[in-house]
Structures are given as structure tokens and as C-alpha cells.
Amino acid sequence: MSVYHITYTPSLSELYLYFGGSTSGRGSPSGNSNCNFSCHGCISKYHPQDCHLAHEVLSHEQSREAKDESLQIEQVLSQIEPLSIKSVTFLGKEPTGDSDFLPLARILKTRFSSHNTLLTNGWEYVGDEVIDEVCMSIKAITPTLFEDWTGRRGPERVLENFKRLADCKRIKLRAESLFVPEYIDRDEIKKIARFIATVSREIPYRIDGYIPFGIKGGSTSGDRFRRPTKEEMEGVKIVAEEYLQNVSILYKGVRVKNKVEKIC
Ligand code: SF4
């Protein structure tokens, strides 16, 4: 089991399970599970804690906290026992690579009748009956860009899995991408939105602003890419809206509507 971080939104009874810690149990910081991608500026690596946590909770030190401890299934269940749970989101460093992901999803579905959502990079297809919703992160469509960003060849595999999920009517499907100024830019987002529209114009699509690593005192030293401006984010949203009916953006400064608490 490699859940290393749990957060909860009380007003919505939503639970977030972050995968990617040690596979050898709490207090045994060895054998970190790895994602099947190696993205530049990986958010799970550089910002391992839930970015929706209040500022006082998500201090700079905590955001850099090492993810070297993980919870066994029983420990996860014990941590969440007092909570009322309607929905669970599985995220972090690619849950599909963790052998306990589906068993845990199954337990939560049985125990809480939870609506289970998987956040994935789409490299693996997961159409299991205990998964109700999938949010697929489409990193890029242009092969060279996809390989350069993720370290993997062949965006077609992700796109095929996206289409397969869309065919699986039981599963609610959404998509998201990272907007990286001067890199995964308006043209690439346009291509992604156009692809999604070939599947369905109604699929919700969220565009996240890139968060550089190595931020020190407001600068972005250490990263060759920068954070997009509000105007750039609003501009790229308009581009995607040429193809899709439900586009949203997330970037620094957007207010969190519902309070998020740290469970562990
Ligand atoms: S897919 Fe996500 S977790 Fe994996 S390397 Fe990329 S950003 Fe990190």
C-alpha cells in the first residue's frame, strides 16, 4: 500500500487518497512506488500535499515534506473511520500502478457506497466496476512533446484508453491538462480540446496552470518553465471553448470553495 497522504472536505463528505509513498508500511521509508511517467515538474514529487489545504496548514515546509511513509489498508480504514464519506478520489503518483488501489476502492465501495473517482495519466486502462468516474490527464498529443514531457513514447495509447472509457457508459469521464507557457501552449491545448470533442463536446475539461518547482522568495529559479498569468489562463480557456462546452481553469489565486482538512 502506498497511500501517503489523506485529505477530506467535510461540507461535501469527500475523501482524497494520495498514492505514491513507501510500499513497505508506515515508518519504513523504503521502496517508493513510481509512476509510469516521469513528467517534468511532477506535481506529486514537488508538491506532494493537497494544494487545496489552507495556507496555514500547507506551509512551505509541509509542501516539501518527504513522502517516505505509507499506510497499510487497515491503517487507511482506521484513519477514515470517524468520517462520513460520500465520495473518494484516488490520486497522487498514478494509483493504477499500486496493487492495493482496486482492493481499497472495492472496500470503500462496499462499506460506504462511495462514488469512486480515479485521477490517472491514462497509460493504463481501468474499467473496473468499483470505479465510477475517471479524470484523465492528457499531457500532450504531439508525439515529440508527449515524449519530452512524460518520458514515454506514444500518446496514442492514452487517447485510445480515453476513447475506451468514453465507450464504457457506466463511467463518468472528464479530462484535464497542464498549460505550460511557451511549451504546452495554446496550440497544444487546442489540439487536445479538438481530440476530446471528437469523442464528445460535453466531456468536462479542466486546464491547470503549471506550478514551477524550486520557487524561492517568489522567483522560479530551478525551473525552465514559468507559471502562466491569469490572462493567459483565461485566453487558453477561450481556445478550448471553441470545441468543448464545459471548460474550467485552475491557477494560482483561484479561491477554494470548500474547506479541505488534512487527515494525515
Ligand atoms: S503522471 Fe503525474 S505523478 Fe506521474 S510523473 Fe507525471 S505528473 Fe508525476
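Reader: Why is the charged end of Arg224 said to sit over the ring of Tyr183?

Author: The charged end of Arg224 is 5.8 Å from the centre of the Tyr183 ring. A charge sits over a ring if NZ of Lys or CZ of Arg is within 6 Å of the ring centre and within 35 degrees of the ring normal, so the distance of 5.8 Å falls within the limit. Arg164 likewise lies over the face of Tyr125, at 3.6 Å from the ring centre. The model is predicted, with local features requiring pLDDT of at least 70, side-chain atom pairs pLDDT 80 or more, and totals for chains, interfaces and linings using all residues. Residues are numbered from 1 along each chain as its sequence is written, and side-chain values use heavy atoms, without hydrogens or water.

Reader: The structure holds 14 aromatic pairs; what makes Trp149 and Tyr183 a tilted one?

Author: Their centres are 5.6 Å apart and their planes meet at 40°. Rings of Phe, Tyr and Trp (its six-membered ring) pair if their centres lie within 6.5 Å; planes under 30 degrees apart are stacked, over 60 edge-to-face, and the rest tilted. The pair is therefore tilted. Trp149 lies in helix 5 (residues 143–150) and Tyr183 in the loop between strand 6 (172–179) and helix 7 (186–199), so the contact ties together parts 34 residues apart in sequence. Helices (H or I, at least four residues) and strands (E, at least two) are DSSP runs, numbered from the N terminus. Trp149 and Tyr183 also belong to one aromatic cluster with Tyr210 and Phe225.

Reader: How do you know that Phe162 and Phe195 are buried?

Author: Buried means under 20% relative accessible area, exposed over 50%, and partly exposed in between (1.4 Å probe, protein chains only). Phe162 has 0% and Phe195 has 10%, so both count as buried.

Reader: How do you know that the length of helix 6 agrees with its expected span?

Author: The expected span is 1.5 Å times one less than the number of residues. For the 13 residues of helix 6 this gives 18 Å, and the end C-alpha atoms are 19 Å apart, which agrees.

Reader: Why are the buried residues of helix 6 said to line one face?

Author: The buried residues are Pro155, Val158, Leu159, Asn161, Phe162, Leu165 and Ala166. Seen down the axis, they fall within an arc of 160°, so they line one face of the helix. The arc is that of the directions from the helix axis to the C-beta atoms.
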